[in-house]
Amino acid sequence: MGRTLAAAIGIASIAAAAVASAEPPAGAASCSGCHPASTRVTSPVPRLAGLDRAAIVRAMQDFRSGTRTATVMDRIAKGLTDQEIQAIAAWYATQK
Ligand code: HEC
């Protein structure tokens with residue numbers, strides 16, 4: 001019984017992860033205008049793909065609050081809700 005439930009939860013979270021990484025969430029597509037999607041692009045703006053989820057969330061919250069100084073990210077972060085930041089960070093963390 002316990003095993004079956006654990007297995008069911010395991011399958012459900014795998015399915016959720018697969019759905020989450022399939023399509024970029026709202027707002028994520030706009031990031032790639034400045035943050036390169038390809039490793040072959042040389043840019044002073046760091047790639048987001050593969051960054052740690054918590055690190056992206058922290059950076060966005062610090063940009064938004066002004067704790068971390070920025071040229072443009074402060075303004076971009078102010079346009080996003082906590083939920084959007086979480087979704088974007090989770091999505092980028094799963095990208096290669
Ligand atoms: C107009 C160009 C532009 C867009 C669009 C943009 N960024 Fe940025 N991003 C920057 C720049 C430039 C920096 C460096 C900090 C600064 O000067 O603002 C940065 C820094 C960051 C950092 C810190 C990275 C690190 O490792 O230090 C994160 C995280 C980030 N951006 C996330 C995002 C997300 C998420 C989006 C989409 C919602 C986004 N950015 C859209 C230009 C952009």
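Here is a short conversation about this predicted model.

User: What makes up the secondary structure of the protein?

Analyst: The protein has five helices and zero strands. Helices here are DSSP runs of at least four residues, and from the N terminus on the elements read α-α-α-α-α.

User: How many residues does α5 have, and what span is expected for a helix of that length?

Analyst: α5 has 13 residues. The expected span is 1.5 Å times one less than the number of residues, which comes to 18 Å for α5. From first C-alpha to last, α5 reaches 19 Å, so the span is close to the expected one.

User: Which residues of α5 are called buried, and what makes them so?

Analyst: They are I85, I88, A89, W91 and Y92. A residue is called buried if 20 or more other C-beta atoms lie within 10 Å of its own, so each of these five residues meets that cut-off.

User: Why are they said to be on the same side of α5?

Analyst: Because the directions from the helix axis to their C-beta atoms cover an arc of only 165 degrees. On the other side of α5, D82 and Q83 are exposed; that word requires 12 or fewer C-beta atoms within 10 Å.

User: What makes a group of residues a nonpolar core, and which residues form the largest one here?

Analyst: The members must be buried, come from a set of residue types such as Ala, Leu and Trp, and be joined through C-beta atoms within 7 Å. The largest such core has 11 residues: L48, I56, A59, M60, F63, A77, I85, I88, A89, W91 and Y92. Both α3 (53-65) and α5 (82-94) supply at least two of its residues, and α5 gives the most, with five.

User: Which residues is Y92 in contact with, beyond its neighbours within four places in sequence?

Analyst: Y92 is in contact with A28, L48, A49, L51 and I56. Contact here means that C-beta atoms lie within 7 Å, so each of these five residues satisfies that limit with Y92.

User: How many residues surround the ligand, and which are closest?

Analyst: There are 18, and the closest are C31, C34, A70, T71 and M73. The elements giving two or more residues to this shell are α2 (28-31), α3 and α4 (73-78), with α3 giving the most, three residues.

User: What classes of residue make up that shell?

Analyst: The shell has 13 nonpolar, five polar and no charged residues. Asp, Glu, Lys and Arg count as charged, so none of those four types is in the shell.

Notes: Residues are numbered from 1 along each chain as its sequence is written. This is a predicted model: local features need pLDDT of at least 70, side-chain atom pairs count only at pLDDT 80 or more; totals for chains, interfaces and linings use all residues. Two residues are in contact if their C-beta atoms, placed from the backbone, lie within 7 Å. A residue is near a molecule or strand if its C-beta atom, placed from the backbone, lies within 6 Å of it.
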